[in-house]
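Please open the model in your viewer and keep the selection tool at hand. The tour moves from strands to a sheet and its packing helix, and then to the enclosed spaces.

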Amino acid sequence: MRTQVAIIGAGPSGLLLGQLLHKAGIANIIVERQSGEYVLGRIRAGILEQVTVDLLREAGVGRRVDREGIVHHSIELVFGGVRHPIDVHGLTGGKVVTAYGQTELTHDLMDARTAQGLPTVYEAANVSIHGIDGTRPTVRYQKDGATHEIECDFIAGCDGFHGVCRQTVKDSVREFEKVYPFGWLGVLSDTPPVSPHAIVYGNSERGFSLCSMRSMTRSRYYVQCPLDDKVEDWSDQRFWDELRRRLDPELAAKIVTGPSIEKSIAPLRSFVAEPMRFGRLFLAGDAAHIVPPTGAKGLNLAATDVKYLSGALIEHFRERSDAGIDTYSQRCLKRVWKAERFSWWLTTLMHRFPDTEGFGQRVQEAELEYLVNSRAASTALAENYVGLPL
């Protein structure tokens with residue numbers, strides 16, 4: 001097979017890149033090692049910055065997020081048993097974020113690709129990439145007992161942290177990593193959100209908590225837990241009781257409980273791979289960087305990568321200019337590190353660490369008090385939360 005851009009990975013970043021390139025008349029093939037059903041079954045984040053929503057519109061798949069997405073004008077911080085609203089909308093000159101599940105976003109992109117008859121290879125085994133330092137890189141994979149090869153001009157590595165693209169160039173990558181000493185126990189339930197137009201971050205002596213949503217009838221809640229905890233240790237009742245203990249009394253009384261439809265424990269990690277371009281290979285999304293979910297930046301960073309990469313590739317094919325390609329890594333990493341900083345800071349501020357006692361605890365409490373009582377500090381939080389300018 002022959003195409004202009006081979007995209008490895010059919011998650012949101014790969015699908016969005018494929019859609020943007022197709023609209024610009026650039027041929028592309030997506031290769032995914034999992035099935036489409038598996039990709040749709042991944043439970044991931046659901047808070048979209050404006051840049052992400054705008055990209056979905058540009059790709060022609062923004063109709064449902066505009067119709068069903070829930071706009072958030074504020075966030076709320078709970079500490080010392082008291083809830084403090086942060087007026088994100090007012091502090092940023094009208095910017096907002098939108099609650100819309102990543103599963104739904106992926107569904108929209110998959111449906112659009114299918115409707116347009118664009119080629120996607122699911123369940124591709126033993127995927128490998130070759131010749132990225134030349135002018136005709138190739139992608140090889142096995143399917144239905146046969147070996148297939150795609151010749152292309154460029155390869156986009158949108159296949160995540162464990163994908164083949166980053167592994168192929170691992171010896172040429174400089175990696176930065178921080179692993180946090182706790183995890184998040186997350187529960188998805190078909191219950192109305194406790195705060196329908198704001199995300200609630202909780203800091204208590206029992207640990208961190210988060211109240212989020214996917215829709216007006218589906219909620220996503222988290223509590224900080226030890227890394228060695230098992231999902232089996234947490235009954236639904238234990239989870240709901242623990243969540244209530246970490247919130248202010250008024251909000252705790254409003255929580256509508258119900259059976260969990262998904263429950264999992266996720267470790268927290270900060271990770272960056274530099275650079276993000278290797279000859280004809282570009283890394284995007286989780287293949288290049290991971291942030292703790294505290295700042296809701298993972299999917300949005302991936303969307304920014306796609307915005308820069310799609311623009312660079314369109315410029316190459318339309319204008320025969322490699323300016324965007326040559327600056328892709330530098331532009332992405334500048335934004336990546338700002339998001340990494342914000343996610344690290346918010347994680348440090350809202351969680352209880354093993355050594356968060358005495359001096360460290362008092363400093364954390366003082367910073368929280370300063371944050372909610374200083375317009376300048378609240379503005380800095382709000383600006384980072386909605387996404388810094390491109």
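Two strands are said to pair here if DSSP finds at least two bridges between them. The model on your screen is a predicted one, and each stop below is a selection within that prediction.

**First stop: a hairpin**

Select residues 138–143 and 146–151, which are strand 10 and strand 11, and you will have two strands that pair in the antiparallel sense over 6 bridges. To follow the register across the pair, label Tyr141, which stands opposite His148 in strand 11. Then move to the turn: strand 10 and strand 11 form a hairpin with 2 residues between them, and Asp144 in that turn has a positive phi of about 55 degrees.

**Second stop: strand 16 and its partners**

Select residues 218–225 next. How many of the 8 residues of strand 16 are buried? The count is 7 of the 8, with buried taken as under 20% relative accessible area, so strand 16 is largely enclosed by the rest of the structure.

Add residues 207–215 to the selection to bring in strand 15, which pairs with strand 16 in the antiparallel sense over 6 bridges. These strands, 15 and 16, form a hairpin with 2 residues between them, and a useful place to check the register is Met213, which stands opposite Ser219 in strand 16. Now add residues 174–189, strand 13, whose pairing with strand 16 is also antiparallel and extends over 7 bridges; in this pair, Leu188 stands opposite Arg220 in strand 16. When you inspect the side chains, bear in mind that in a regular strand they alternate between the two faces of the sheet.

**Third stop: an open sheet and helix 10**

Turn to the open sheet of 6 strands, whose order is 8-2-1-12-19-18 and whose pairing is mixed. Strand 8 (120–121) and strand 18 (277–278) stand at its edges, each with a single partner strand, so one side of each is left without a neighbour in the sheet.

Within this sheet, select residues 154–157 and 281–283: strand 12 and strand 19 run parallel and are joined by 3 bridges, and Ala156 stands opposite Phe282 in strand 19. Helix 10 packs on the sheet, where it touches strand 1 (5–8), strand 12 and strand 19, and the direction of helix 10 makes about 175 degrees with that of strand 12.

**Fourth stop: the cavities**

The structure holds 2 cavities of 30 Å³ or more. For the largest, with a volume of about 110 Å³, select the lining residues Glu49, Lys297, Asn300, Leu301, Thr304, Arg335, Lys338, Ala339, Phe342, Asn384, Gly387 and Leu388. The elements that give two or more residues to this lining are helix 10 (298–319) and helix 11 (323–350), and helix 11 gives the most, with 4 residues. By class, the lining of the largest cavity has 4 nonpolar, 4 polar and 4 charged residues.

The second largest cavity has a volume of about 50 Å³, and its lining can be shown by selecting Pro12, Ser13, Leu16, Thr52, Leu56, Leu105, Leu299, Ala302 and Ala303. Here the elements that give two or more residues are helix 1 (12–23), helix 3 (50–58) and helix 10. Colouring by class will show that the lining of the second largest cavity has 7 nonpolar, 2 polar and no charged residues.

Terms used: Residues numbered from 1 in each chain as written. Predicted model: local features only at pLDDT ≥ 70, side-chain atom pairs only at ≥ 80, totals over all residues. Heavy atoms only, no water. 1 Å grid on protein atoms, 1.4 Å probe; cavity = no way out; pocket = protein on both sides within 12 Å on 5 of 7 lines; lining within 4 Å. Points joined across faces, edges and corners; volume = space filled by probe spheres on them. Nonpolar A, V, L, I, M, F, W, Y, C, P; charged D, E, K, R; others polar. Contact = heavy atoms within 4.5 Å. Axes fitted to C-alpha atoms, helices over the stretch in contact; angles between N-to-C directions. Buried < 20%, exposed > 50% of the residue type's maximum accessible area, 1.4 Å probe, protein only.
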